[in-house]
Amino acid sequence: MTAIARSYQPPAAEADMLPRPFRVVARQQELADCVSLELAPVEGAPLGFVPGQFTMLYVHGVGEIPISISGDPSVSERLVHTIRDVGAVTGALCRLQEGARVGVRGPYGSAWPLERAFGRHLFVVAGGLGLAPLRPLVHWALANRHRLKSVALVYGTRSPDNLLFLEQLRAWAASEGLELGITVDRATADWQGRVGLVTDLLPGMLHDPAETVAMLCGPEPMMRFAAQALGSAGVPQADIHLSMERNMKCGLGWCGHCQLGPFLICRDGPVLPYAELHRLLTVWEL
Ligand SMILES: Cc1cc2nc3c(=O)[nH]c(=O)nc-3n(C[C@H](O)[C@H](O)[C@H](O)COP(=O)(O)OP(=O)(O)OC[C@H]3O[C@@H](n4cnc5c(N)ncnc54)[C@H](O)[C@@H]3O)c2cc1C
Ligand code: FES
């Protein structure tokens, strides 16, 4: 054995690279290209998480990718992920049926800063699949409604066919705890709702900007414009939080794949304050 091999000390967290076996216990086709999987551990304790975190999901023989946790944080027995089929691993995940096994590492990453919203207005802005990582936050906000001045959710998608969690949205719209605004880029013949950008909804729904904490997830251009609009309306930059995506490999801050300027998104994010991000968001293809 060489001196180098003898002196090698495995990183303390090396075991974190080993996925834990989970089983698909329920599968919901959300949209034509989008599926929610409910996972339960094959053995051992369920995985706790805080809203905003993600896991690394491993499909045997295909690969491993980061996916946000999209379920209710008060229901710890089942870990819910909502996945859009865009490539090899997401496609394999979307094709899994009940009973299939999948590897899970995590949960990883920063959380939505829930306590900043206590005693203030919570303003949630989602674009497309960005509603998935925000759904645990909305569940938490409704469970803690008495600690918040108000809760608003603004949700935009390309078309009505792309509205995620439709039943959930209807239930939230019917509840008194949340003000919901939905808009689509392109209407279909039967659509009677709003058409336009999420930023069009902000003036009517933002009641007390200086006392508002905003949390955003969606395509980067949408988040950039919405964060700018919220800042211009008077929401403090330090109270605007964005969930960022970058390609990931380790999820543990080791490999550098997910670098965004000075940040490793797996370790420092995915949720980061706009005050730290706004310059980086203006750099093309960073
Ligand atoms: C923190 C985090 C949370 C995420 N949460 C979700 C989620 O809840 N649901 C979901 O469906 N997806 C989520 N993603 C995105 C998901 O990880 C990527 O779509 C996935 O890695 C693509 O892998 P693939 O093998 O299916 O596609 P590939 O075959 O690798 O690529 C397919 C296409 O997607 C692009 N792509 C690959 N990875 C990313 C990425 N990370 N961001 C943007 N584009 C990418 C490629 O450039 C290519 O055009 C998240 C990503 C991050 C970083
Ligand atoms: S994915 Fe390896 S450092 Fe973030």
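This passage describes a sheet, the helices that accompany it and three loop residues in a predicted model.

The strands are considered before the helices. Six strands make up an open sheet, in which the order is β4-β3-β6-β1-β2-β5 and the pairing is antiparallel. At the edges of this sheet stand β4 (63-68) and β5 (79-84), each of which pairs on one side only, and from one strand to the next the twist averages 40 degrees. As a general point, the strands of a sheet pair through backbone hydrogen bonds, and the pairing may be either parallel or antiparallel.

Strand β1, which covers residues 20-31, is joined by four bridges to strand β6, which covers residues 101-108, and the two run antiparallel. Within this pair, F22 has V102 of β6 as its bridge partner, while the bridge partner of R20 in β6 is V104. Strand β1 is also joined to strand β2 (residues 34-41), here by eight bridges, and this pair again runs antiparallel. In this second pairing Q28 stands opposite S36 of β2, and the connection from β1 to β2 is a hairpin that passes through two residues.

A further hairpin is formed by β3 and β4, with three residues between the strands, and G61 in its turn has a positive phi of about 80 degrees. The two strands run antiparallel and are joined by six bridges, and among the paired positions is F54, whose bridge partner in β4 is S68. The side chains along β4 alternate between two faces: G63, I65 and I67 point to one face and are buried, whereas E64, P66 and S68 point to the other face and are not buried. S68 therefore belongs to the face of β4 that is not buried, and S68 is also the residue that serves as bridge partner to F54.

Helix α2, made of residues 88-95, lies across β1, β2, β3 (54-59), β4, β5 and β6, and runs at about 75 degrees to β4. Because six of the eight residues of α2 are buried, this helix is largely enclosed by the rest of the structure. The buried residues of α2 are V89, T90, G91, A92, L93 and C94, and what covers them includes the strands β1, β2, β3, β4, β5 and β6.

A second helical arrangement involves α3 and α4, whose axes come within 13 Å of each other and cross at roughly 30 degrees. Since angles under 35 degrees count as roughly parallel, this crossing makes α3 roughly parallel to α4. The crossing of α3 and α4 is left-handed, and the contact is made by L131, R135, V138, H139 and L142 on the side of α3 and by Q168, L169 and W172 on the side of α4. By residue class, the contact of α3 with α4 comprises five nonpolar residues, two polar residues and one charged residue.

Several loop residues can be described in relation to these elements. K149 lies in the loop between α3 (131-143) and β8 (150-157), and because its relative accessibility is 44%, K149 counts as partly exposed. When residues up to four places away in sequence are not counted, K149 touches G119, R120, H121, D208 and E211. For one of these, G119, the C-alpha atom is separated from that of K149 by 5.7 Å, although the two residues are 30 residues apart along the chain.

R145 is likewise found in the loop between α3 and β8, and R145 counts as partly exposed because its relative accessibility is 24%. With neighbours within four places in sequence left aside, R145 is in contact with S150, V151 and G177. The C-alpha atoms of R145 and G48, which are 97 residues apart along the chain, are separated by 22 Å.

S159, by contrast, is placed in the loop between β8 and α4 (166-174). The relative accessibility of S159 is 8%, and S159 therefore counts as buried, while its contacts, when residues up to four places away in sequence are not counted, are with V184 and R186.

Note on methods
Residues numbered from 1 in each chain as written. Chains lettered and ligands numbered in written order. Predicted model: local features only at pLDDT ≥ 70, side-chain atom pairs only at ≥ 80, totals over all residues. Heavy atoms only, no water. Buried < 20%, exposed > 50% of the residue type's maximum accessible area, 1.4 Å probe, protein only. Contact = heavy atoms within 4.5 Å. Pairing = 2+ DSSP bridges. Axes fitted to C-alpha atoms, helices over the stretch in contact; angles between N-to-C directions. Parallel < 35°, antiparallel > 145°, perpendicular 65-115°, else oblique. Left-handed = near helix turned anticlockwise from the far one by under 90°. Nonpolar A, V, L, I, M, F, W, Y, C, P; charged D, E, K, R; others polar.
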